Amino acid sequence: MINVRIIHRILGVLLLIESGILLLCALIPVFYSEDDLFGFIMGALTSACVGMTALYIGKSTKHKEGAMTRRDGYIVVAISWVLFSIFGSLPYYISGYIPSFTDAFFETMSGFTTTGATIIQDVEVIPHGLLFWRSLTQWIGGLGIVFFTVAVLPIFGVGEVQLFAAEAIGPTRYKLHPRISVSGRWIISIYLLITVLCAVSLRLCGMGVFDSVNHALTTAATGGFSTKNASIAYFGSHAVEYVITFFMFMSGINYGLLFFVIFRFQIRKLIEDTQFKWYLLLLFIFTAIVAISLFISTSYDASASVRNALFHVTAIITTTGFTSTDYTLWPPFIWMILGLCFYFGACAGSTTGGMKTIRIAVLFKSMRNEFNRILHPNAILPVRINGKVIPTSTRQSVLTFSIFFFALVFVGWFFYLAIGIDIAEAYGISLSCLSNIGLTIGDHGCNIPWSDMPAIGKWFSTFLMLVGRLEVFSVLLIITPSFWKHN
Amino acid sequence: MKIVIAGAGNVGIHLAKLLAGENQDITLIDESPEKLARLDSSFDLLTIQESPVSLHGLKEAGAGNADLFVAVTTDESRNIISAQLAHYLGAKKTVARINNYEYLQPKNMEYFNSIGLDSLIYPELLAAKDIVDGMKLSWIRQWWEFAGGALVMMGIKLRDNAQILDKPLAELGKELPYHIVAILREGVTIIPSGSDTMQAGDLVYFMTMKKHIPHIRRIAGKEELPDVRDVIIMGGSRIAVRTAQLMPDYMNLKIIESDMERCDKLTELVDDKVMIINGDGRDPSLLMSEGIQHTEAFVALTDNSETNILACLAAKRFGVTKTIAEVENIDYINMAEKLDIGTVINKKKIAASHIYQMMLDADVTNVKCLTFANADVAEFNVKEGAKITRSQVKDISLPRGVTIGGLIRNKEALIVTGTTQIQAGDHVVVFCLEGMIKSIEKYFN
């Protein structure tokens, strides 16, 4: 059965870490002398208290000590995401800038899952401390809360493999180093590098320091929170758009491959990677379709068509969700194409959401094989990724994942329809929460009108976001009865 | 010459028989008494029943003063260890049979030399090369390149439509761009002289240069045959995998394999261009549905020689122009030839001839053991003052059953005729009946 002591101990440590991060964020209100300081202090204290309690329970001898199992890993990961969101929402709630707890929780979950849908009507009146915390939630969630904390502070010594397995993105993994925590640190270094480069580039493009840092954090996390109401459109700079496009693209590449390119200079490894090729292909095809459609059907000239197409297709395929204009003002054909891109996601092993390119590749190849099978009924038709045949079990789990993903999109769609949301918009919200994009389609603009939605809709959205971020099975697994049965 | 062979498997036994006929001192070492028993009583060689990887056994077999140590057990790692041990004991030259393509890469050779392996052979790869060569020029039964490709020798089956039938060779004309080095008629190898003729049904071996290949194709009446584009291989053996990897890009390959597990394994070994089909390659309806009628080449590589021969015959009925069968049973090779199987592959012969060349005293760089004709092809570098340089070829009394096909002089290839004067420094390609190489060496040294 589950290992109560270890779970409590790990959760306790995680909460203490969150408390520490909140305290660090409290320096910003001190610097700007703003009134959200109290929220951070209280949030940190509450988090620390609960964390200490959990540690205390973890230390008590009432429960049996034992090794950590896969089961424990899944429980820790799922619970830690919820706990992090609960305590992470305290600064918003206590400082009073988001007066409803539902909304504060929603904002935090949207942050940690890198969805980037925001409940805040006017972002620009929010103090710097809260804005930074909001961007930081995305940056922490980008690689995974547990991954981030474990890789930065190797404090547990046990169960790292189980924890990483439960939180991993994508069906296959690239091992960089025999020890998983060492691989973790390499990946964090790449993440940090992308973030710093992005911040510096944005600063050079004329963005303020605070905005540069925040946008860099949310770009590298493919999150999409902005410090401005109009998102990237506020800056009105083509250079900023191109810089953001480039770093969204980089963040959508498998970090294991980036490791080989940056630290081992093995560019061939990236170029020959099946997933990377498909990522480029998807970006190219959809950018081309959107750019041509824009050029034909709107008043944009060629360069504006390409720029807008590239920016939005990249923002959506990497599941970042920045906008430089309201694309729902374009003809419906174009935003429906973008709506199709909501599914894909970028490469597995990056900070992206969605289905992940590798699954798209496997799905496509499986479909092509089915046609071949009709012509050659006796043929053995394998699916190859990077020249290697992927095992049937992986293929099956990709297919099952896809079915679950589609099913959840429909469940969400019907749910939003039931609470009175327009048909196209309901589809957009459901898919975008599950893919962690944070935009929608329809006649009412690309931003989701959360203020009109009842509380149940917001709670349901946070559920979809978490399910999408933890790749469906991790969350659904712990609500199946068999998970809780002995053995 | 003292030769120790480790492993009395197919290759080992074939090699031992071949060499025992040459009056070499052969010692065969193997753990299995059954395998050795048959040899001991019927061939002139010594057998030692010991493990090829035990120092004691190798000492007993005399590996320490062997001129050549050949490790050809079925297990690659045992071969490598065995050869290393023999080298340690003092064997002059070691050869090990391997199953791994990586080991053969030139950059790794230095390492293998440093651990005491002088040479590696990979019979499956050699067989695959023969198959691919056979498909590239499907109208040619057998194909060899000499001196880096300057000279080629090809075996062609002549049919009624050939232009050069029934004329004595002397009347075909002077300064021909080819030299007919052997004729195989009804299982008998003839090294022809000017009065011999070619007849329909003969397998004729031409020695020529690459630029004259279209001319030979025309006079042999092979112009209307299509080039090979679609290939079906029956049996997913290791040779099949190697063939798939060596095949040029323009060919499409299907491999038919009856064992499901092997099929799954095959998908991991070959790439996307190759289609793996699970089924029996002898089943006509399966072959029909996989388009045998539009296939130019059919290669049968199952473990079973009879199956391979029969499947090739069936494929011929569907109109496949090029059939290749792996026949491991040496007694069936002549039968397969009579049944008009295009090319016969025999791993043992290929491996044995490869090893055979390593132990010839002369400066022979390339000896091929012909599968159909009971004949050897050898290359010699002519030494200063050698017998052969004393007069024109027609005036030197070469033994019967020997002919000089061509030579390389100053990097130029020449076809040898009766009036050719061979000079010191020439690199000559000689064709002779099996086992005669030793006796003709003296003409060139």
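**Notebook: domains, cores and the A–B contact**

I began with chain A and found that the centres of its domain 1 and domain 2, taken over C-alpha atoms, are separated by 26 Å. The assignment gives domain 1 as 1–168 + 454–487 and domain 2 as 175–405, with bounds that come from an automatic or database domain assignment.

I note that this is a predicted model, in which local features need pLDDT of at least 70 and side-chain atom pairs count only at pLDDT 80 or more, while totals for chains, interfaces and linings use all residues. Residues are numbered from 1 along each chain as its sequence is written, and chains are lettered from A and ligands numbered from 1 in the order in which they are written.

**Between the domains**

I then looked up the contact between the two domains (C-beta atoms, placed from the backbone, within 7 Å), to which domain 1 of chain A gives 29 residues and domain 2 of chain A gives 27 residues. On the domain 1 side, helix 7 (128–143) of chain A gives the most, with eleven residues; helices here are DSSP runs of H or I with at least four residues, strands are E runs of at least two, and both are numbered from the N terminus.

**The cores**

Next I went to the largest nonpolar core, meaning a set of buried Ala, Val, Leu, Ile, Met, Phe, Trp, Tyr and Cys residues joined through C-beta atoms within 7 Å, where buried requires 20 or more other C-beta atoms within 10 Å of the residue's own, again placed from the backbone. Among its 141 residues, Cys25(A), Val77(A), Ala220(A) and Val313(A) touch the most other members. Helix 1 (residues 4–25) of chain A supplies the largest share, eleven residues. Domain 1 and domain 2 of chain A both give residues to this core, so it lies between them.

I followed Cys25(A) further: leaving aside residues up to four places away in sequence, it touches Phe40(A), Gly129(A), Phe132(A), Trp133(A) and Leu136(A). I also recorded a second, separate core of 93 residues, which includes Ile380(A), Leu85(B), Phe112(B) and Ile239(B).

**Chain A against chain B**

Finally I turned to the contact between the chains, which takes 13 residues from chain B and eight residues from chain A. On the chain B side, helix 9 (260–269) and strand 14 (274–278) each supply at least two residues.

Strand 1 (residues 379–380) of chain A and strand 14 of chain B run antiparallel and are joined by two bridges, where pairing requires that DSSP finds at least two bridges between the strands. I noted Ile276(B) in strand 14 as the bridge partner of Ile380(A).

Conventions
A residue is buried if 20 or more other C-beta atoms lie within 10 Å of its own, exposed if 12 or fewer, and partly exposed in between; C-beta atoms are placed from the backbone.
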